[in-house]
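Colleague: I have a model open and would like to go through some of its helices. Can you take my questions as they come?

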Amino acid sequence: MKKIIPVFMMIILIMFCLSSCSKTSAETLINSMTENEKSSIQTLSETEFLVYDDELERNFLIQMTLPPNYDRDNEYPLFLVTDGVWSYEYQADIYSMMEENKIKNIILVSLSFNPDEDNMADETRYYYFVKNNKAFLDFITDNLMPVLSENYKIDYSQSTFGGHSLGGLFCHYALFNSDLYDNQPFGNYLVSSPALSVENSALYRKYSDLIYYSEDYDISYEKTFFERNGKLDKSVYLTCEGDMVGAHKDHIKKFDDRAKGYDISEYEYEYFPDYDHFGLFKEALESAVLKFYGTG
């Protein structure tokens with residue numbers, strides 16, 4: 001004799017299944033690393049290691065700060081910032097903000113380029129942030145973040161990706177190309193003083209062979225993103241400094257105007273009149289953690 005499952009029991013079973021499947025997909029990132037890449041990871045300390053990328057044929061230095069009273073069984077948001085040559089030194093002050101209960105506990109990660117290269121050199125930063133932006137985003141999304149997820153419990157929906165200047169330009173690129181990936185490791189983006197005017201700069205003219213830049217570069221992938229999706233389901237924080245002038249100022253203002261017209265889950269632009277371009281980086285990071293993780 002067939003057993004008849006009551007309708008309400010069937011509904012409960014379906015909801016449980018959907019909930020379980022959804023939870024699994026939300027907590028799992030696909031690791032696309034090759035065997036060579038996996039075997040090339042070098043642990044330098046408990047919170048420092050090198051990760052090799054076959055596509056770019058380079059190592060990347062990862063430097064982390066774990067939150068106070070870190071518990072490996074707990075899930076934490078992660079804040080990944082480019083330009084580790086500068087951003088790593090700012091981790092200590094953000095850690096103090098956690099200790100003082102100004103912000104929730106988060107995992108801090110700074111990403112530096114190949115340690116054998118001059119990470120401060122314009123040529124180096126152009127190489128990764130502009131000329132090879134797709135390969136660099138592939139590395140972060142499909143290699144680095146899955147590796148981190150295998151070692152730490154991460155709340156991806158609350159995690160943040162940030163960059164400043166050329167790093168801000170790359171963050172802008174990463175934001176509007178995020179939908180092209182199955183992995184969704186970030187819910188928030190800090191786009192700090194993005195160098196959207198780079199095509200007009202002396203640096204561009206000096207290294208123009210490294211860049212496929214056009215007058216429309218800064219909005220082309222924004223447009224195609226919204227053509228594909230209609231809505232951006234991310235939180236975006238745009239910052240700019242007081243000494244911005246000329247094309248840099250104009251392009252950031254144009255982006256702000258465009259962003260206000262887009263359908264974005266959460267968007268905020270903040271102007272810092274008392275900071276110059278390089279001084280803004282640290283202030284933008286601290287403002288971002290207060291915005292995304294503040295306890296007040």
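Colleague: What is the handedness of the crossing of α3 and α10?
Modeller: The crossing of α3 and α10 is right-handed, meaning that the near helix is turned clockwise from the far one by less than a right angle, while anticlockwise would be left-handed. This is a predicted model, where local features need pLDDT of at least 70, side-chain atom pairs count only at pLDDT 80 or more, and totals for chains, interfaces and linings use all residues. Residues are numbered from 1 along each chain as its sequence is written, and side-chain values use heavy atoms, with hydrogens and water left out.

Colleague: At what angle do α3 and α10 pack?
Modeller: Helix α3 (residues 84-99) and helix α10 (residues 280-293) pack at about 40°, and their axes are 10 Å apart. That makes α3 oblique to α10. Angles under 35 degrees count as roughly parallel, over 145 as roughly antiparallel, 65 to 115 as roughly perpendicular and the rest as oblique. The axes are lines fitted to C-alpha atoms over the stretch in contact, and angles run from 0 to 180 degrees between N-to-C directions. Helices are DSSP runs (H or I, at least four residues), as are strands (E, at least two), numbered from the N terminus.

Colleague: Which residues meet there?
Modeller: From α3, Trp-86, Ser-87, Tyr-90, Asp-93, Ile-94 and Met-97 meet Phe-281, Lys-282, Leu-285, Glu-286, Val-289 and Leu-290 of α10. Contact means heavy atoms within 4.5 Å.

Colleague: Is α10 buried or exposed?
Modeller: α10 is largely enclosed by the rest of the structure, because 10 of its 14 residues are buried. Buried means under 20% relative accessible area, exposed over 50%, and partly exposed in between (1.4 Å probe, protein chains only). Among the buried residues of α10 are Leu-280, Ala-284 and Phe-292.

Colleague: What do they pack against?
Modeller: The buried residues of α10 pack against α3 and the strands β4 (78-81), β6 (160-164), β7 (188-192), β8 (232-241) and β9 (264-272).

Colleague: Changing topic, how many residues of α6 are buried?
Modeller: In helix α6 (residues 166-175), 10 of the 10 residues are buried, so α6 is largely enclosed by the rest of the structure. His-172 is one of them.

Colleague: Which residue in α8 is in contact with His-172?
Modeller: Glu-222, found in helix α8 (residues 217-229). Leaving aside neighbours within four places in sequence, Glu-222 is in contact with His-172, Phe-176, Phe-255, Arg-258 and Tyr-262. Glu-222 counts as buried, because its relative accessibility is 0%.
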